[in-house]
Protein chains: 2
Amino acid sequence: MDKNLKRMATMHRMQVKGLELFYQNGYYNTSVDDILKSLSLSKGAFYHHFQSKEDFFISIIQNLIVQKVYAMLIEPVEKCDNPFRAIESCFDNALETAEHNNMDYGFILSNFMTEFNKRNTEITTYLRDIYKVWEVNLVTTLQRAKTDGYLERHIDSEAVATYLISSYIGIRTLMVEGNCKALRYRYMQQLKAYFKTIERSSLVS
Amino acid sequence: MDKNLKRMATMHRMQVKGLELFYQNGYYNTSVDDILKSLSLSKGAFYHHFQSKEDFFISIIQNLIVQKVYAMLIEPVEKCDNPFRAIESCFDNALETAEHNNMDYGFILSNFMTEFNKRNTEITTYLRDIYKVWEVNLVTTLQRAKTDGYLERHIDSEAVATYLISSYIGIRTLMVEGNCKALRYRYMQQLKAYFKTIERSSLVS
DNA sequence: TTTTTTACCGACCAAGTGGTCGGTGGGGTG
DNA sequence: CACCCCACCGACCACTTGGTCGGTAAAAAA
């Protein structure tokens with residue numbers, strides 16, 4: 001009965017270590033042996049649980065990467081009062097985590113999107129789907145912000161979402177080369193300035 | 001006498017094809033043989049001209065990548081009247097080029113930065129230097145914009161430059177997954193909205 | 001107890017990888 | 001003419017890659 005438990009535990013160990021190394025070194029630059037060596041497992045164990053390296057990575061996307069993005073960027077925005085403040089603090093928290101993580105290798109989603117782009121369409125599709133969910137979530141939040149009177153009605157929610165995602169991807173990419181603290185401060189400052197343009201002014205009193 | 005010319009020509013052919021393949025498939029995922037095969041050249045030719053694959057790539061950065069970034073993102077901004085319109089049209093041109101290039105694999109600089117980050121510090125340094133030049137150029141332009149009365153004096157030029165670079169990196173990363181036209185339109189729309197916040201209003205007549 | 005299932009082992013394989021090295025042939029120089 | 005320089009050739013090397021496969025031991029099922 002606990003065979004299945006053991007199976008899951010081993011698979012999960014492999015996935016966690018696999019994601020760690022893929023994130024650090026890139027997918028193509030990390031060998032299956034690298035992962036197995038650092039877990040003291042054998043080739044046999046790996047190919048007993050996964051069909052191929054690609055299949056393994058897809059399972060990592062579905063089990064780990066999706067969760068990470070949800071927890072970091074999607075759920076914090078959903079439960080909000082003022083949507084702008086919610087997005088601001090969500091982004092700032094994410095940047096803070098990155099800033100204090102000296103093993104930061106950038107935004108996991110955009111790193112892998114870049115690496116797999118036009119080289120593995122199946123994996124690209126899985127990654128793009130995560131982006132889409134994020135985007136849809138932002139658009140929904142912004143639409144709700146309109147009905148709640150936080151956002152000017154004439155604003156193009158999809159354009160705002162695109163702009164937000166762009167700037168976030170970019171700042172995360174920049175932060176890997178150091179000087180994170182200043183970058184984060186500057187980014188948040190200008191994000192707030194940007195929000196001022198589209199936020200509905202003179203709401204309460 | 002024209003021995004040297006021939007040498008330069010062959011090296012240049014290798015660099016151009018090398019950049020093309022590195023850009024498409026990534027550095028670590030492109031073998032020296034791949035490049036040589038598509039040029040009908042031999043290993044001997046390659047290692048006669050370059051010390052190693054890494055040395056080869058550094059020469060590509062210095063000879064080709066620097067030029068591309070200058071021509072695309074730095075020079076167009078320098079010679080400008082209204083700096084905001086200059087940055088807008090510079091970015092829009094760059095995005096247009098990407099949009100109509102169906103072999104677009106993203107922003108060359110951020111792709112390589114991501115790939116080499118913490119894996120090859122020497123190459124990372126060369127790439128970071130290009131970023132720095134871009135950033136300094138933007139900051140200078142923005143400072144001049146202040147003295148010319150285009151930009152509110154209290155604005156943090158470095159923060160604006162960081163925000164601009166971030167958003168550009170991000171939108172270029174997003175555009176590789178298609179729907180470029182809409183993405184470009186939305187991005188430019190919000191970029192202009194952002195500029196409205198910081199641009200000095202009621203300037204002329 | 002016997003049998004079956006299954007998690008895991010590790011030697012092995014073909015196809016690459018970056019890099020080496022003894023050549024070769026044609027143009028320039030003496 | 002003889003000589004040398006040098007761009008270029010391609011077989012070769014040690015090593016790594018993703019993936020295979022026959023085996024083993026222990027737990028579950030009979």
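Student: Which residues come nearest to DNA strand D?

Tutor: In this predicted model, 22 residues lie around DNA strand D, and Ser31(A), Lys53(A), Thr10(B), Ser42(B) and Gly44(B) come nearest. Two or more residues of this surface are given by each of α2 (32-37) and α3 (43-49) of chain A and by each of α1 (2-25) and α3 (43-49) of chain B.

Student: What makes a residue count as near the strand?

Tutor: The criterion is a C-beta atom, placed from the backbone, within 6 Å of the strand. By class, the surface near DNA strand D has five nonpolar, seven polar and ten charged residues.

Student: Which residues are closest to DNA strand C?

Tutor: DNA strand C is surrounded by 19 residues, the closest being Thr10(A), Ser42(A), Gly44(A), Ser31(B) and Lys53(B). At least two residues of this surface come from each of α1 (3-25) and α3 of chain A and from each of α2 (32-37) and α3 of chain B. The classes here are four nonpolar, seven polar and eight charged residues.

Student: Why are the two copies said to be related as by a two-fold rotation axis?

Tutor: A turn of 180° with a shift of 0.0 Å along the axis lays chain A on chain B with an RMSD of 0.1 Å. The two copies are thus related as by a two-fold rotation axis. The same surface serves both copies, as 100% of the contact residues of chain A recur in chain B.

Student: How many residues of each chain are in contact with the other?

Tutor: There are 42 residues of chain A in contact with 42 residues of chain B. On the side of chain A, α6 (108-116), α8 (157-175) and α9 (180-198) each give two or more residues, and α8(A) has the largest share with 14 residues. That side divides into 17 nonpolar, 16 polar and nine charged residues.

Student: Why are α9(A) and α8(B) called roughly perpendicular?

Tutor: Their axes are 8 Å apart and the packing angle is about 85°. Angles of 65 to 115 degrees count as roughly perpendicular, and α9(A) and α8(B) are therefore given that description. The contact includes Leu183(A), Arg186(A) and Tyr187(A) of α9(A), and Tyr163(B) and Ser166(B) of α8(B). Its residues divide into five nonpolar, four polar and two charged.

Student: Why is α5(B) called roughly parallel to α8(B)?

Tutor: Helix α5 (residues 83-99) and helix α8 (residues 157-175) of chain B pack at about 15°, with axes 11 Å apart. Angles under 35 degrees count as roughly parallel, so α5(B) is roughly parallel to α8(B). Their crossing is right-handed. Among the contact residues are Ile87(B), Phe91(B) and Leu95(B) of α5(B), with Leu164(B), Tyr168(B) and Ile171(B) of α8(B). By class, the contact has eight nonpolar, no polar and two charged residues.

Student: How do you know that α4(B) and α7(B) are roughly parallel?

Tutor: The axes of α4 (residues 53-78) and α7 (residues 121-147) of chain B come within 11 Å and cross at roughly 10°. With the limit for roughly parallel set at under 35 degrees, α4(B) and α7(B) therefore qualify as roughly parallel. The crossing of α4(B) and α7(B) is right-handed. Contact residues include Phe57(B), Ile61(B) and Val69(B) of α4(B), and Tyr126(B), Ile130(B) and Trp134(B) of α7(B).

Student: What makes Tyr126(B) and Trp134(B) nonpolar in the count for this contact?

Tutor: Tyr and Trp are on the list of nonpolar residue types. The contact of α4(B) with α7(B) has 16 nonpolar, two polar and one charged residues.

Terms used:
Residues numbered from 1 in each chain as written. Chains lettered and ligands numbered in written order. Predicted model: local features only at pLDDT ≥ 70, side-chain atom pairs only at ≥ 80, totals over all residues. Contact = placed C-beta atoms within 7 Å. Helix = DSSP H or I, 4+ residues; strand = E, 2+ residues; numbered from the N terminus. Axes fitted to C-alpha atoms, helices over the stretch in contact; angles between N-to-C directions. Parallel < 35°, antiparallel > 145°, perpendicular 65-115°, else oblique. Left-handed = near helix turned anticlockwise from the far one by under 90°. Least-squares fit on C-alpha atoms with pLDDT ≥ 70 in both.
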